[in-house]
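Colleague: Could you take a close look at one part of this model and then follow the chain outward from there? A connected account, suitable for a first-year student, would be most welcome.

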Amino acid sequence: MPRAVSKKAETDILKLIPAPRKPPARTRLRIGIHTSTAGGVENAAERAYRLGCNALQVFSSSPRQWKPTELGRSQCEIMTSLRAKYDLSPLVIHANYLINMAGVTPEFHRKSVEAFRAEVQRGIALCADFLVFHPGSFRGGTREEGLTRAAEAIDEAVDGLGIDSSNLKITVENTAGAKYSLGGSFEQVAELMERLRKHVPVAACIDTCHTHVAGYDITTREGFEETLQKLDATVGIKNVGVWHCNDAKAACGSKLDRHQHIGQGTIGLEPFRWLLNDARVAHAAFIAETPIDEPLDDLRNIDALKSVVKRKAKTQHGGTED
Ligand SMILES: [Zn+2]
Ligand SMILES: [Zn+2]
């Protein structure tokens, strides 16, 4: 589910936040937010920097149109140099929402494969690290067929693009677990990754809102620990390169995907404190996809995530490490 953006207020960070004189404070973790590319993909880097991010996620084309935006060569070069200048890493690309790699309708399937191929091409051109996509809907077939179709479609889409020699990882996101959607459980995410691993570099993206509404309890300390253990036993925590940090509007198990501001939803702030201070996930990037209801909501959500990060992460044995 995309984040909701208010049309009433001015939301462009370039207009709301002037260029800072010195770099905004960062934490030891990689924290970012889904950032608008309005005016060119390189503007996202400037927006992320002004928000105090050191990681970013973008759409590389319009998320709700089949026709892709052409990326100029210069845009890619500018993006790369801005990322180096502002220390923005990783670069995560979220794939178009229309894509359904598990679908049965031939025409739709063909469009999905073409659009996914273009996502991978742009991802490689931008030197991106992760291409996050939702595994799709298997409506009209069985879950097993959906998994097979998705894996085959991705294999077909990346053919000849040289993804193995790029940084880009095809990154499966867990979903809210709505009927017919693939990826509502960690097992399903792991299964798809397993099938993809033969063909492409893979990773996982775990969304806290999706996890919560899919029925995993992360709001109690015991539930949180149990959820991480389940994740490790299936997907493997080391394979989770990206965490989507979103609070939820709906209840645990509701399967309703509505994102909320960090700390203001049915998850609350504490689970984010546990997550961001857990040494097992410290290698990952933490990206918010929270709503924009008021100007500067992005800044508040980034600050909320940063505010819970302690200087040193706790290890499982209660010690500390850098
Ligand atoms: Zn969502
Ligand atoms: Zn997400």
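Modeller: We may begin at P90, which is found in the loop between α3 and β3. Please keep in mind that this is a predicted model. The peptide bond that joins S89 to P90 is cis, with omega at about 0°. The loop between α3 and β3 also holds D87. Although D87 is not a glycine, its phi is positive, at about 55°. Is D87 buried, exposed or partly exposed? D87 counts as partly exposed, because it has 13 C-beta neighbours inside 10 Å, and a residue needs 20 or more to be buried and 12 or fewer to be exposed.

From this loop we pass to strand β3, which comprises residues 91–94. L91 and I93 point one way from β3, while V92 and H94 point the other way. In a regular strand, side chains alternate between the two faces of the sheet. All four of these residues, L91, V92, I93 and H94, are buried.

Which strands pair with β3? On one hand there is β2, which pairs with β3 in the parallel sense over 3 bridges. In this pairing L56 stands opposite L91. There is also strand β4, residues 130–133, which pairs with β3 in the parallel sense, again over 3 bridges. Here V92 stands opposite F130 of β4. Strands of a sheet pair through backbone hydrogen bonds, and they may do so in a parallel or an antiparallel manner.

Strand β2 deserves a look of its own. A55 and Q57 point one way from β2, L56 and V58 point the other way, and all of them are buried. Strand β2 (residues 55–58) is also joined to strand β1 (residues 30–34) by 3 bridges, and the two run parallel. The bridge partner of I33 in β2 is L56. Thus L56 appears twice in this account: it is the bridge partner of I33, and it stands opposite L91 in β3.

The chain leaves β2 through the loop between β2 and α3, where P63 is found. P63 counts as partly exposed, because it has 13 C-beta neighbours inside 10 Å. P63 and N43 are 20 residues apart in sequence, and their C-alpha atoms are 17 Å apart in space.

We can now place these strands in the whole sheet. Eight strands close into a barrel with parallel pairing, in the order β1-β2-β3-β4-β5-β6-β7-β10. On average, and with direction ignored, neighbouring strands of this sheet are turned by 25° against each other.

Helices lie against this sheet. Helix α6 lies across β5 (169–173) and β6 (202–207), and it runs at about 160° to β6. Helix α10, residues 297–307, also packs on the sheet, where it touches β1, β7 (240–245) and β10 (285–288); the direction of α10 makes about 155° with that of β1.

Which residues of α10 are buried? They are D297, D298, N301, I302 and L305. These residues lie on the same side of α10, because they cover an arc of only 135° around the axis. Among the elements that cover the buried residues of α10 are α1 (13–16), β1, β7, α9 (270–276) and β10.

Helix α6 also has a helical partner. Helix α5 (residues 143–157) packs with α6 (residues 186–197) at an angle of about 40°, and their axes are 9 Å apart. The crossing of α5 and α6 is right-handed. In this contact, α5 contributes L147, A150, A151 and I154, and α6 contributes E191, L192, R195 and L196. By class, the contact comprises 6 nonpolar residues, no polar residues and 2 charged residues.

Finally, let us turn to two further loops. L269 lies in the loop between β9 (259–260) and α9. L269 is partly exposed, because 15 other C-beta atoms lie within 10 Å. Apart from neighbours within four places in sequence, L269 is in contact with I262, G263 and V308.

K255 lies in the loop between β8 (247–248) and β9. Its phi is positive, near 65°, in a residue other than glycine. K255 counts as partly exposed, because it has 17 C-beta neighbours inside 10 Å. L269 and K255 are 14 residues apart along the chain, and their C-alpha atoms are separated by 21 Å.

Notes: Residues numbered from 1 in each chain as written. Chains lettered and ligands numbered in written order. Predicted model: local features only at pLDDT ≥ 70, side-chain atom pairs only at ≥ 80, totals over all residues. Axes fitted to C-alpha atoms, helices over the stretch in contact; angles between N-to-C directions. Helix = DSSP H or I, 4+ residues; strand = E, 2+ residues; numbered from the N terminus. Left-handed = near helix turned anticlockwise from the far one by under 90°. Contact = placed C-beta atoms within 7 Å. Nonpolar A, V, L, I, M, F, W, Y, C, P; charged D, E, K, R; others polar. Pairing = 2+ DSSP bridges. Arc of directions from axis to C-beta.
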